Amino acid sequence: MSDAETPADPTTPVQPARADLIQIQRVSIRFRQQQVLRNVELTIRRGETVCVIGESGCGKTVLLKLIIGLLHPTSGKILFDGADVTRLGGKKLVQLRLRFGFLFQSAALFDSLTVYDNVAFGLREHQVCDEEKIRAIVSERLLEVGLPAGLERKKPAELSGGQRKRVGLARALALDPEVMLYDEPTTGLDPIMTDVINELILQTQKSSKKTGIVVTHEMKTVQKVADRVVMFYPLTRIGRDDSQILYDGPPEGLESSSDPRVRQFVRGEAGERLREMAQNRGGGV
Ligand SMILES: Nc1ncnc2c1ncn2[C@@H]1O[C@H](COP(=O)(O)OP(=O)(O)OP(=O)(O)O)[C@@H](O)[C@H]1O
């Protein structure tokens with residue numbers, strides 16, 4: 001009998017929900033010669049929405065993939081609700097991933113399936129309910145993300161970028177996950193649609209008290225949805241003993257951070273990078 005089938009022992013007191021939902025403990029990852037993360041320590045608490053920011057290539061997406069066991073750390077541990085993700089495989093890993101919803105940069109929809117079938121995909125795959133219930137859930141989720149009726153028969157190629165993101169969000173929410181992972185959810189959208197997606201993320205997080213991790217380059221997204229912001233820095237730019245996390249705190253504190261690298265990043269000031277590029281070319285700015 002698997003753990004999942006073991007009947008609950010009524011004499012065992014119910015464990016209170018663990019406040020520290022995701023614990024990243026001294027995690028490092030290297031791809032061949034390239035070290036991307038080094039001794040990262042980070043705890044995500046249940047119910048909070050954490051925005052992860054940082055320069056392109058500093059390892060934000062790698063971090064999300066480590067959390068759901070798509071990548072394995074070279075060293076260190078990742079605990080989800082007390083279970084060591086790095087040791088899970090097979091059925092247990094599938095069960096773990098069911099507790100997560102993902103909205104990827106590209107929305108990652110199946111091109112050959114209709115909007116309806118895309119949103120229904122996970123529910124059918126994991127046989128969580130019958131078709132009648134699936135129909136009700138799909139309609140509810142599409143309504144939640146503000147997509148008009150009739151759109152469910154279309155294919156992804158017939159949708160705008162913003163509509164595709166919303167279908168991706170509806171699909172991610174279909175299984176009512178505990179944790180939502182968003183990887184650059186507003187990239188490529190116009191400012192209005194960006195705000196629509198930000199608002200949907202905010203509503204999702206607040207109404208169902210989900211835990212959320214949002215990888216983003218958009219400071220408006222950060223200001224709107226984050227309870228907490230974590231800023232990573234590329235390993236190539238820091239010393240051997242320096243922490244890769246430059247900032248961990250509330251969004252309001254970013255602008256006044258004591259670290260000039262944080263202030264420059266959030267203001268989008270390229271000063272240091274321009275000087276480096278000029279130096280590499282052998283000239284001044
Ligand atoms: N599976 C992989 N194999 C080899 N290298 C990888 C793999 N996945 C990521 N990398 C490398 O790890 C580094 C960090 O990648 P990652 O996608 O996490 O960056 P990021 O911070 O999300 O960047 P961006 O903001 O541009 O999306 C990159 O240099 C990338 O080439």
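Student: Which residue has a backbone N or O atom that lies 2.8 Å from an oxygen atom of the ligand?

Tutor: In this predicted model, an oxygen atom of the ligand lies 3.2 Å from a backbone N or O atom of Cys58, and an oxygen atom of the ligand is 3.1 Å from an N or O atom in the side chain of Glu184. The backbone contact at 2.8 Å belongs to Gly57.

Student: How much of the ligand's accessible area does the protein cover?

Tutor: On its own, the ligand has 640 Å² of accessible area. Of that area, the part covered by the protein is 64%.

Student: Which element gives the most residues to the shell around the ligand?

Tutor: Two elements, β2 (34-45) and α1 (60-67), each supply at least two residues of that shell. The element that gives the most, with 3 residues, is α1.

Student: Why is strand β3 described as largely enclosed by the rest of the structure?

Tutor: Buried here means under 20% relative accessible area. Thr49, Cys51 and Ile53 point one way from β3, while Val50 and Val52 point the other way, and all are buried. Strand β3 (residues 49-53) is therefore largely enclosed, since the number of its residues that are buried is 5 of the 5.

Student: Which residue of β9 stands opposite Val52?

Tutor: Strand β3 pairs in the parallel sense with β8 (residues 211-215) over 4 bridges, and there Val52 stands opposite Val215. Another 4 bridges join β3 to β9 (residues 228-232), and these strands also run parallel. In β9, the residue opposite Val52 is Val230.

Terms used: Residues numbered from 1 in each chain as written. Predicted model: local features only at pLDDT ≥ 70, side-chain atom pairs only at ≥ 80, totals over all residues. Heavy atoms only, no water. Buried < 20%, exposed > 50% of the residue type's maximum accessible area, 1.4 Å probe, protein only. Pairing = 2+ DSSP bridges. Polar contact = N/O pair within 3.5 Å; in protein donor to acceptor, adjacent residues only side chain to side chain. Areas by Shrake-Rupley, 256 points an atom, 1.4 Å probe, with all protein chains shown as cover.
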